[in-house]
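Please consider the sequence and the three-dimensional structure shown here. The explanation that accompanies them proceeds from the overall architecture to individual elements and residues.

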Amino acid sequence: MSIPKSDTKRSIGDQDLYSGLIRLHVLHHAVEEPIFGLGMIEELGRHGYRISAGTLYPMLQRLETKGYLRSSEVRNGKSRRKVYRATALGRKALTAAKGKVRELFHELMEGD
């Protein structure tokens, strides 16, 4: 996983701070509509995250293993694409995370 483009001077350790945000971002989109790897790489890129397929696909698999996502294969002509949707557990986890993110956002922004 790469750090946001906006700050290339950040240390490699800062990546850990963003990994949870990226997972929440993925889960958010999977609640809204079916997602697929390349589409999420592009979406995350629009938000300043550079993430490789080698990072994203294992992340999607882990989210599925934990029960937050469910995958299925969709045929597109001769090719197949694996798409992911949030499960009931994923939707519940996202709802809980929104409250935590909202609380953290307010604390972070109080001083600004």
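The paragraphs below treat the chain as a whole, then the hairpin, the core, the second helix, the fourth helix and the largest pocket.

The structure is a predicted model. Its protein chain contains 4 helices and 2 strands, arranged along the sequence in the pattern α-α-α-β-β-α. The chain has 112 residues, of which 30% count as buried.

The two strands may be taken as a starting point. Strand β1 spans residues 69-76 and strand β2 spans residues 79-86; the two pair in the antiparallel sense over 8 bridges. Together, β1 and β2 form a hairpin in which 2 residues lie between the strands. One residue of the turn, Gly 77, adopts a positive phi of about 70 degrees. Asn 76 has Ser 79 of β2 as its bridge partner.

The interior comes next. In soluble globular proteins, nonpolar side chains tend to be buried together. The largest nonpolar core of this model comprises 19 residues, and Val 26, Leu 44 and Leu 56 have the most contacts inside it. At least two residues of this core are supplied by each of α1, α2 (37-46), α3 (53-65) and β2. The greatest contribution is that of α1, which gives 5 residues.

Helix α2 also deserves attention for its own buried positions. Its buried residues are Gly 37, Gly 39, Met 40, Ile 41, Glu 43 and Leu 44. This list includes the charged residue Glu 43, and also Leu 44, one of the residues with the most contacts inside the largest nonpolar core. After α2 comes Gly 48, with a positive phi near 95 degrees.

Helix α4 occupies residues 88-110. It has 23 residues, and the distance from its first C-alpha to its last is 34 Å, close to the 33 Å expected at 1.5 Å a residue. The buried residues of α4 are Gly 90, Leu 94 and Ala 97. Is Lys 92, a residue of the helix α4, buried or exposed? Lys 92 counts as exposed because its relative accessibility is 63%, and the cut-off for exposure is over 50%. The C-alpha atom of Lys 92 is separated by 9.0 Å from that of Tyr 68, although the two residues are 24 residues apart along the chain.

Attention now turns to the empty space in the model. Rolling a probe the size of a water molecule over the atoms shows where empty space is left. The largest pocket holds about 400 Å³ of space. It is lined by 13 residues, and those closest to its centre are Leu 21, Leu 24, Tyr 49, Val 101 and Leu 104. Both α1 (15-32) and α4 supply at least two residues of the lining. Which helix provides the largest share of this lining? That helix is α4, with 7 residues. By class, the lining consists of 10 nonpolar, 2 polar and 1 charged residues.

Notes
Residues numbered from 1 in each chain as written. Predicted model: local features only at pLDDT ≥ 70, side-chain atom pairs only at ≥ 80, totals over all residues. Heavy atoms only, no water. 1 Å grid on protein atoms, 1.4 Å probe; cavity = no way out; pocket = protein on both sides within 12 Å on 5 of 7 lines; lining within 4 Å. Points joined across faces, edges and corners; volume = space filled by probe spheres on them. Expected span 1.5 Å × (residues − 1). Buried < 20%, exposed > 50% of the residue type's maximum accessible area, 1.4 Å probe, protein only. Pairing = 2+ DSSP bridges. Core = buried A, V, L, I, M, F, W, Y, C linked by side-chain atoms within 4.5 Å.
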